[in-house]
Amino acid sequence: MNFILFKEKMSGKKIKILLVEDKTLTYLDVKKVLEEEGYLVLNHPEKVIIDNYADAVLVVEKDIPHIAVIDIEIKGDRDGIEIGQHIRSRFFSPVIFLSGKNTPENLRRTDLMGAEGFVVKHGKPYELEQLKTDISRLKSLAMLADKRRTEGAFFHIKQVNNEKSNDFGFRKIRILWHELQFVRTIAGSKNNVCFTLSNKKEYMYHKSMNDTIKELPPYLLRFSGREIINSNYFNGRGKGEWVYYIDNDRFEVSPEYRTDATRAQLNKLYL
């Protein structure tokens, strides 16, 4: 799909926004304004507002936002910046932070993670015109993030099962998600993984499994400490809740990776 066609496709649906704010009236005011602008604000399945890290992660694991608007000072032990880091690393979506405290520490942390916007909260309601401008400005970046999630991304990798390719060493190569079948650890190494494509080509990537999973779309699932699997390749389901098949090959999610997010992704499969 070329970019022009992708842009037309994207323009035909509403931009989805995650809003995280711990003050109920402010949350509802901002949500109303965004919906009047034509955006779709994601809802929590059981609560009126999204005001903490756990609820935000629950929502985005089920429905990925194109843009996130997050108050830094929220309920719980983890603040809004940590939500933004999760969204940026896992889904690549642009993030706008809100804060009533324009402190050097907030600015430093949001700058380190590469936040696309920062709106200081003044008055009631706060700078909504600035927020609307920032969201509008980020639409094209949101489209690129959506394309990265759905199509693929570039990695600095080296093909390892082709003698001729070894002469080139590590290169920037685009991996298409629909071709990436497995990611596995390399024996004897904690900081190198192997990408296996559907055409059996294999590439070494100089990162740990924990870091690699953060760069992959949500349907590439961590099944064990040594293996990530593209769930779209499953064509059969076992008797147990966590057992799946690719042809005759059986795969079972290890107990430590049986999370709600993994369950939600597996439940989306039509098997």
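This passage walks through the sheets, cores and a few individual residues of a predicted model.

Being a prediction, the model is filtered by confidence: local features need pLDDT of at least 70 and side-chain atom pairs count only at pLDDT 80 or more, while totals for chains, interfaces and linings use all residues. Numbering starts from 1 along each chain as its sequence is written, and side-chain values use heavy atoms, with hydrogens and water left out.

Start with the seven-stranded sheet. It is open, ordered β7-β6-β10-β9-β8-β12-β11, with antiparallel pairing; strands here are DSSP runs of E with at least two residues, helices are runs of H or I with at least four, and both are numbered from the N terminus. Two strands count as paired if DSSP finds at least two bridges between them. At the edges stand β7 (171–176) and β11, each with a single partner strand, so one side of each has no neighbour in the sheet. On average, neighbouring strands are turned by 40° against each other, direction ignored (axes are lines fitted to C-alpha atoms, for helices over the stretch in contact, and angles run from 0 to 180 degrees between N-to-C directions).

Within that sheet, β10 (residues 202–205) is a handy strand to follow. Three bridges tie β6 (residues 152–159) to β10, with Lys 158 partnering Met 204. Strand β9 (residues 193–197) is joined to β10 by four bridges, again antiparallel, and Val 193 has Tyr 205 as its bridge partner. The β9–β10 connection is a hairpin with four residues between the strands, and Lys 200 in the turn has a positive phi of about 75°. In a regular strand the side chains alternate between the two faces of the sheet. β10 does just that: Tyr 203 and Tyr 205 point to one face and are buried, whereas Glu 202 and Met 204 point to the other and are not. Buried means under 20% relative accessible area, exposed means over 50%, and partly exposed covers what is in between (1.4 Å probe, protein chains only). Further along the sheet, β8 (residues 180–185) and β12 (residues 227–230) pair over three bridges, and Phe 182 stands opposite Ile 229.

Two residues can be placed against this sheet through their contacts, meaning heavy atoms within 4.5 Å. Thr 212 lies in helix α8 and is buried, at a relative accessible area of 0%. Beyond four places in sequence, Thr 212 touches Val 183, Val 193, Phe 195, Tyr 205 and Lys 207. Its side chain also reaches the backbone oxygen of Ser 208 at 2.7 Å, a polar contact (N or O atoms within 3.5 Å; within protein, one must be able to donate a hydrogen and the other to accept it, and residues adjacent in sequence count only if both atoms are side-chain atoms). Glu 215 sits in the loop between α8 (209–213) and β11 (220–224). Acidic or not, Glu 215 is buried, with a relative accessible area of 14%, and its contacts beyond four places include Phe 155, Trp 177 and Tyr 205.

A smaller open sheet has three strands, in the order β13-β14-β15, with antiparallel pairing. Its edge strands are β13 (236–237) and β15 (249–252), each pairing on one side only. Four bridges join β14 (residues 243–246) to β15, and Tyr 244 stands opposite Phe 251.

Then there is the packing. A nonpolar core is a set of buried Ala, Val, Leu, Ile, Met, Phe, Trp, Tyr and Cys residues joined through side-chain atoms within 4.5 Å. The largest one has 40 residues, of which Leu 18, Leu 131 and Ile 135 touch the most other members. Elements supplying at least two residues each include β1 (16–20), α2 (24–36), α4 and α6 (128–137), and the largest share, five residues, comes from α3. Contacts of Leu 18 include Ile 50, Val 59, Val 69 and Ile 87. A second, separate core of 19 residues includes Trp 177, Leu 180, Leu 197 and Met 209.

Helix α4 behaves as the geometry predicts. The expected span is 1.5 Å times one less than the number of residues; for the twelve residues of α4 (residues 80–91) that gives 16 Å, and the end C-alpha atoms are 16 Å apart, which agrees. Asp 79 caps the N-terminal end, with a side-chain oxygen 3.2 Å from the backbone nitrogen of Ile 81. Following α4 is Phe 92, whose phi is positive, near 70°.
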